[in-house]
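Q: Please take a close look at one internal cavity of this model and the parts around it. What lines the second largest cavity, and how do its residues divide by type?

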Amino acid sequence: MNTVNFISIPGSIAPEQEIVVFGRDRLTYGELNDLVARLTAVFKREGLKPRDVLAMLDTNSHLYIASYYAAAKAGLTFLPLNYRAKEPELEYMINTANARLLLVGDRYIDLVKRIHSKLNGIRCMAIGEGDGALPRLAQLAATAEPDESEAEIEEEDVSILMYTSGTTSLPKGVMLSYHDFTAYVTANVEMADGTERGVFLVCAPFYHIAGATAMMTNLWTGRKMVVMAQFDPGNWLELAQREKVTHAFIVPTMMKQLLDHPGFAKTDFSALTNLAYGGAPMPLAVIRRAIEAFPKSVGFVNAYGQTETTSSLTILGPDDHRIEGAPAQVELKLKRLNSIGKPLPDVEVRVRDEDGKFLGAGEVGEIIIRTTRIMKGYAGRKDDAALAEGWRATGDLGWLDEEGYIFFAGRKDDMIIRGGENIAPAEIETVLMSHPGIEEAAVIGEPSVEWGQTIKAFIVLREGHRASAGEIQEFCRTRLASFKRPETIEFIAELPKNALGKILRKELHAPAANS
């Protein structure tokens, strides 16, 4: 199934339904499909043919959504670029993808000019007002004759080439096929039928899998999308109230910014029914605070997934976030708030040891998954995570409890080995963040001649709080085994993170982190 059908089929059912809102631009299905048809004509006129790569460097907008669907309609591969990437990373992504045309937002035109001589003959087009030299996408679309044809695609053709965030040395190009997105969307949401499905507030960037799947699931199911160019807590709160937002997805750092914003207490959340979060581990203190602060009618959902698996794999649902009942039940619910929930219906999850043996409840090992929507592969490199019988290694450590809830213990690569003992940083970080004066914490292993590795903790203190390294080590003494206690503690102003809030541990290992 071509993913352009995510808007063309609902559009044939309810062409007058308002479906995308971006600033002052409000588009119905009919208007969105017309814009997509015009952009399709523009891309074809530029000489792009099926399977050619169309790249985009900009923040979220209605034109971003339309450009993706026009690429799909023309049978192209869409390359959404991380606008926070460094110049060498952008060069690498554009050149290794062999992109033919780059759509560039106004704020990134100067950047593209700086690196253009290093790009392999790519043509550029301005998404916004441009600089007077580049052709303007909106202007070309306005004068183009709509192209209503739909390219014939193979299910395994690459719809989106999505580079990972670059927490490793170089980003990896994840090839996601039309089949991958179709399997994810049709398995997890109903098709639109013209009835009211609510309003979704999108603030995750479209270059991330959470943003990409948001513009597919919501448009397929008929839920209006209110699009933010970039996350801003004040604007998020304003839009949530004004647009009567019913659904939203945020990352943990966004949740905290919303709770801390002075406008939070004044915001009317009466329409909000579903607030999902993911992209990075959620500190227990933050989600507990959110559960208390938002109205009881808000259902929280923790979603865990990977780019390679076309988004979410597991869900911790609203019932698991309702901390109520007898004391034993409350204790169990609080424990499970640290989990990533249970697998979605089309996903299998197991935990294995280093020899490949499946582990039982409570045993820590690598989380492996099996689903029909695993990526086609990495562009230009081998997929070392592929396992026999359709299983895939996630690189994440965790364990299952007796009821099948999955608990995350950190990245396999982040595992600290001290004196032969395997130590998951997440366990230590959870203890550290239970300290009343600690806002955030990250733990890494440092080389040691005697122990192999010793434990170092980076601490961000809460505003107005003070604590010494000795105080924190004493706090850990009664809560962690001796070999798990941090030997070194460093206080820093903030932790290095990517756009979705994941801690960039490689930067903590760099000498700059210690300067």
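**The second largest cavity**

A: The lining residues of the second largest cavity divide into eight nonpolar, no polar and no charged (nonpolar: Ala, Val, Leu, Ile, Met, Phe, Trp, Tyr, Cys and Pro; charged: Asp, Glu, Lys and Arg; polar: the others, Gly among them). The model is predicted: local features need pLDDT of at least 70, side-chain atom pairs count only at pLDDT 80 or more, and totals for chains, interfaces and linings use all residues. Residues are numbered from 1 along each chain as its sequence is written, and side-chain values use heavy atoms, with hydrogens and water left out.

A cavity is a set of points, on a 1 Å grid over the protein atoms alone, where a 1.4 Å probe fits but cannot get out; lining residues have an atom within 4 Å of a point. Points are joined across faces, edges and corners, and the volume is the space filled by probe spheres set on them. Two cavities of 30 Å³ or more are counted, and the second largest holds about 30 Å³.

Its lining consists of F200, L201, V202, C203, A204, A210, A214 and F249. Strand β9 (199-202) and helix α8 (209-221) each supply at least two of these residues, and β9 gives the most, with three. Helices (H or I, at least four residues) and strands (E, at least two) are DSSP runs, numbered from the N terminus.

Helix α8 is also among the elements that the buried residues of α7 pack against, where contact means heavy atoms within 4.5 Å. The buried residues of α7 (178-188) include F181, Y184 and V185, with buried meaning under 20% relative accessible area (1.4 Å probe, protein chains only).

Technical notes: 1 Å grid on protein atoms, 1.4 Å probe; cavity = no way out; pocket = protein on both sides within 12 Å on 5 of 7 lines; lining within 4 Å. Buried < 20%, exposed > 50% of the residue type's maximum accessible area, 1.4 Å probe, protein only.
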